[in-house]
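Okay, thanks everyone, I'll keep this short. Let me put the sequence and the structure up, and then we'll walk through them together.

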Number of protein chains: 2
Amino acid sequence: MEYPSASMTQSEENYLKGIYHLSHAGRASVSTNAIAAHMETKPSSVTDMLKRLSDKDLVDYQPYKGVTLTSGGTAQALRVIRKHRLWEVFLVEKLDFSWDEVHEVAEQLEHIASEKLIDRLDALLDYPDFDPHGDPIPDKEGHFKTREKRLLSTLQPGEKGVCIGVKDSSSPFLRFLDKNGIALGTRIAVLEKEEFDDSMAIQMGEQQLQISHQIATNLYIKPIT
Amino acid sequence: MEYPSASMTQSEENYLKGIYHLSHAGRASVSTNAIAAHMETKPSSVTDMLKRLSDKDLVDYQPYKGVTLTSGGTAQALRVIRKHRLWEVFLVEKLDFSWDEVHEVAEQLEHIASEKLIDRLDALLDYPDFDPHGDPIPDKEGHFKTREKRLLSTLQPGEKGVCIGVKDSSSPFLRFLDKNGIALGTRIAVLEKEEFDDSMAIQMGEQQLQISHQIATNLYIKPIT
DNA sequence: ACATATTTTTAGATTTGTCTAAATTTATTT
DNA sequence: AAATAAATTTAGACAAATCTAAAAATATGT
Ligand SMILES: [Mn+2]
Ligand SMILES: [Mn+2]
Ligand SMILES: [Mn+2]
Ligand SMILES: [Mn+2]
């Protein structure tokens, strides 16, 4: 199967990426309103775009019934996601951006069209498998590594693990983590879980910290025994 | 004087850059047709754009009389040129692109909007003064280094110099130079000049080469004594 | 089942950037 | 000074991407 990479507009690329994320990897059907909310646009604009994407065979669109990505659409979405995440790694590793600053710039850089550029960037970064937020970077064929990961909130007192990703990668959350010394690779042990509000006490090295349920449901952990 | 950097579209940025180049640094008046030819678009499209740029006070436009950049327009053009040339250096220095491959990609990258990105890129590249084609890179204030440079065609037999830039930076010309071992920094001595067609014999290290007038008028040389 | 609420689409307008064809202005010849 | 040629602008159209307001389809509640 070939993706002739018929040039897409930035807007088309953004919609495909949005649909991909909303459908949990392009399989499940996504509603017009869900797309509109995610893209911060109006449902009528989404309908227009879905027609265009459908004409280009990038999505399967049945009016009133939602939309799914075609294999071509999925491939394109993955190409954009690959570029986005590689650029995020570049910004952190080579230009000393912090992980809460990279997303906005990567939103622009992900639309630069040059196969060679991305291949060389990949090499410069030593073929990273994950981006600064722990999200997997698809390879050229759209395949990526999966890892066992659980939300910190699912760990029981006594269990421990390593932080390997964030579910929410908004700046405020990431800056909160920075402030409290939590980064990818940080070892966390659960000390106690509060029945009342599901907050938990955790141990990180010497430091001890009380975190809300909100926090615990946005941190991915790889358990260690 | 402040440039509030009111966000511009890619097309507006491209026009400002085009006008800057055509007017030999923003001073001289430029015609609608000259812009159309340079941008590979139609004169009527240029007229439309000139009105828009004029409304934004980026150019002084008098119908039928040509156009010049305002100080704000010049500043914006220089910002785009700075980004373009820094990215070209990045592509050559960090991603091993050859100098004939960088322009097309830089045409896209020059529109990425992030002050911090460009500052950090500048630092990563160790604050280069010139791009891979020998063109000067403006600093944040739009100032750049000038160098004494002469076209190779103006040298007389017996004179020598170092290649410091190209006037034509098209791929075919640059690949011709590669093929013949001419790069920035190459020392060239003029041996003989043919009266008939202005071609010249030049010496580079051991190697001797016969080059046409066309070639000689597109190579910038810093004379050495 | 019917009324109401929600979701989605359609209709029509707007902005940006482009085009072709026609009109207008400016420049050049004779 | 006309006549002709060249450059430039205007008029009208179109595609992409968006919006608001109205209509239509679907879902929900009693
Ligand atoms: Mn991101
Ligand atoms: Mn990320
Ligand atoms: Mn260039
Ligand atoms: Mn250059």
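So, the manganese ion, ligand 1: His84(A) holds it through NE2, Glu88(A) through OE and His103(A) through ND1, at 2.0 to 2.1 Å. Keep in mind that this is a predicted model. If you like to scan sequences, the spacing of those donor residues reads H-x3-E-x14-H.

Why do His84(A) and Glu88(A) sit about one helical turn apart? Because they are four residues apart in helix α4 of chain A, residues 71-93. Both His84(A) and Glu88(A) are buried. And Glu88(A) does double duty here: it coordinates ligand 1 and also ligand 2, the other manganese ion, with 3.5 Å between the two ions.

Okay, over to where the chains meet. Chain B and chain A each put 21 residues into the contact. About 1,700 Å² gets buried between them, and carbon and sulfur atoms give 68% of that. On the chain B side, the residues losing the most area to chain A are Leu95(B), Gln108(B) and Arg120(B), together 28% of what that side buries.

What about charges? There are two salt bridges between chain B and chain A. One of them pairs Lys116(B) with Glu101(A), with the closest N and O atoms 2.5 Å apart. We also get eight residue pairs in polar contact across this interface.

Which element gives the largest share of the chain B side? That's α6(B), with five residues. By class, that side has twelve nonpolar, four polar and five charged residues.

Terms used:
Residues numbered from 1 in each chain as written. Chains lettered and ligands numbered in written order. Predicted model: local features only at pLDDT ≥ 70, side-chain atom pairs only at ≥ 80, totals over all residues. Heavy atoms only, no water. Contact = heavy atoms within 4.5 Å. Buried area = accessible area lost by both parts, 1.4 Å probe. Salt bridge = Lys/Arg side-chain N within 4 Å of Asp/Glu carboxyl O. Polar contact = N/O pair within 3.5 Å; in protein donor to acceptor, adjacent residues only side chain to side chain. Helix = DSSP H or I, 4+ residues; strand = E, 2+ residues; numbered from the N terminus. Nonpolar A, V, L, I, M, F, W, Y, C, P; charged D, E, K, R; others polar. Donors = N, O, S within 2.8 Å, 3.2 Å for Na, K, Ca; no water. Buried < 20%, exposed > 50% of the residue type's maximum accessible area, 1.4 Å probe, protein only.
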